[in-house]
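Welcome to a short set of exercises on reading a protein structure. Open the sequence and the 3D view side by side, try each task yourself, and then follow the worked solution.

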Amino acid sequence: MSQNHLTIDFPIKGPANAKALTEELPPLMPDFAKTQDQLGTVHFSRFMVKGDEKLLFLSDLDGAIDTHLARLVENAGPVLDAIFKHVDEAPATRVADNPQRVITWLKYHIREPLDTYFA
């Protein structure tokens with residue numbers, strides 16, 4: 001099974017939305033961590049607010065990114081819905097209502113790392 005690094009760039013609407021994310025995301029993280037544990041393929045992940053412009057999701061995982069995104073969307077909809085309220089040009093849907101649209105949006109916002117390290 002291959003190991004992959006995933007970085008998703010969520011462009012934030014502005015300073016007030018960046019501040020809201022720093023307040024709204026932490027209480028959601030325990031359930032999000034349980035979801036990722038249940039997936040069984042995540043080695044590491046975190047969200048990072050970078051200035052007022054973007055929220056980054058960084059993750060190291062086993063298996064294909066497409067499979068991971070589909071499983072993440074299926075199981076972590078409430079967290080993604082909370083994030084998308086603060087994101088420019090977010091999918092105009094709740095995650096549960098149109099998972100394929102959300103997956104397409106996430107794929108478009110994947111950023112390739114400058115470099116990766118595998119032991």
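**Exercise 1.** Find out which residues Thr7 touches, not counting residues up to four places away in sequence.

*Solution.* Step 1: keep in mind that you are working with a predicted model. Step 2: select Thr7, whose place is in strand β1, residues 3-11. Step 3: leave out residues up to four places away in sequence, and the residues that Thr7 touches are Leu56, Phe57, Leu58, His109, Ile110 and Arg111. Step 4: check the accessibility. Thr7 has a relative accessible area of 9%, and buried means under 20%, so Thr7 is buried. Step 5: look at the side chain, which makes a polar contact of 2.8 Å with the side chain of His5.

**Exercise 2.** Stay in strand β1 and decide whether Gln3 is buried, partly exposed or exposed.

*Solution.* Step 1: locate Gln3 in β1. Step 2: read its relative accessible area, which is 34%. Step 3: partly exposed lies between the cut-offs of 20% and 50%, so Gln3 is partly exposed. Step 4: follow its side chain to that of His43, which it joins through a polar contact of 3.2 Å. Step 5: compare sequence with space. Gln3 and Ala64 are 61 residues apart along the chain, while their C-alpha atoms are separated by 8.0 Å.

**Exercise 3.** Work out how the buried residues are arranged around helices α1 and α3.

*Solution.* Step 1: begin with α1, residues 15-24, and mark its buried residues Asn17, Ala18, Ala20 and Leu21. Step 2: look down the axis of α1. These buried residues fall within an arc of 160 degrees, so they line one face of the helix. Step 3: turn to the other side of α1, where Pro15, Ala16 and Lys19 are exposed. Step 4: find the partners, and you will see the buried residues of α1 packing against β2, β3 and α4.

Step 5: repeat this for α3, residues 65-75, where Ile65, His68, Leu69, Leu72 and Val73 are buried. Step 6: look down the axis again. The arc for α3 is 130 degrees, so its buried residues also line one face. Step 7: list what covers them, including β1, α2, β2, β3, α4 and α5.

**Exercise 4.** How many cavities of 30 Å³ or more does a search of the whole structure find, and which residues line the largest cavity?

*Solution.* Step 1: recall the idea behind the search. Rolling a probe the size of a water molecule over the atoms shows where empty space is left. Step 2: count the result, which is one cavity of 30 Å³ or more. Step 3: note the volume of the largest cavity, about 50 Å³. Step 4: name its lining, made up of Ile8, Phe10, Phe32, Phe47, Phe57, Leu72, Val79, Leu80 and Leu106. Step 5: sort by element, and β1 and α4 turn out to be those that give two or more residues to this lining. Step 6: sort by character, which gives nine nonpolar residues, no polar and no charged. Step 7: take a look at α4 as a whole. Six of its eight residues are buried, namely Gly77, Val79, Leu80, Ala82, Ile83 and Phe84.

**Exercise 5.** Is the phi of Glu89 positive or negative?

*Solution.* Step 1: find Glu89 in the loop between α4 and α5. Step 2: recall the general pattern. Most residues other than glycine have a negative phi. Step 3: read the angle. Glu89 is not a glycine, yet its phi is positive, at about 50 degrees. Step 4: finish with accessibility, where Glu89 is exposed with a relative accessible area of 74%.

How values were computed:
Residues are numbered from 1 along each chain as its sequence is written. This is a predicted model: local features need pLDDT of at least 70, side-chain atom pairs count only at pLDDT 80 or more; totals for chains, interfaces and linings use all residues. Side-chain values use heavy atoms; hydrogens and water are left out. Helices (H or I, at least four residues) and strands (E, at least two) are DSSP runs, numbered from the N terminus. Buried means under 20% relative accessible area, exposed over 50%, partly exposed in between (1.4 Å probe, protein chains only). A polar contact is a pair of N or O atoms within 3.5 Å; within protein, one must be able to donate a hydrogen and the other to accept it, and residues adjacent in sequence count only if both atoms are side-chain atoms. Contact means heavy atoms within 4.5 Å. On a 1 Å grid over the protein atoms alone, a cavity is a set of points where a 1.4 Å probe fits but cannot get out, and a pocket is an open set with protein on both sides within 12 Å along at least five of seven lines; lining residues have an atom within 4 Å of a point. Grid points are joined across faces, edges and corners, and a volume is the space filled by probe spheres set on the points. Ala, Val, Leu, Ile, Met, Phe, Trp, Tyr, Cys and Pro count as nonpolar, Asp, Glu, Lys and Arg as charged, and the others, Gly among them, as polar. The arc is that of the directions from the helix axis to the C-beta atoms.
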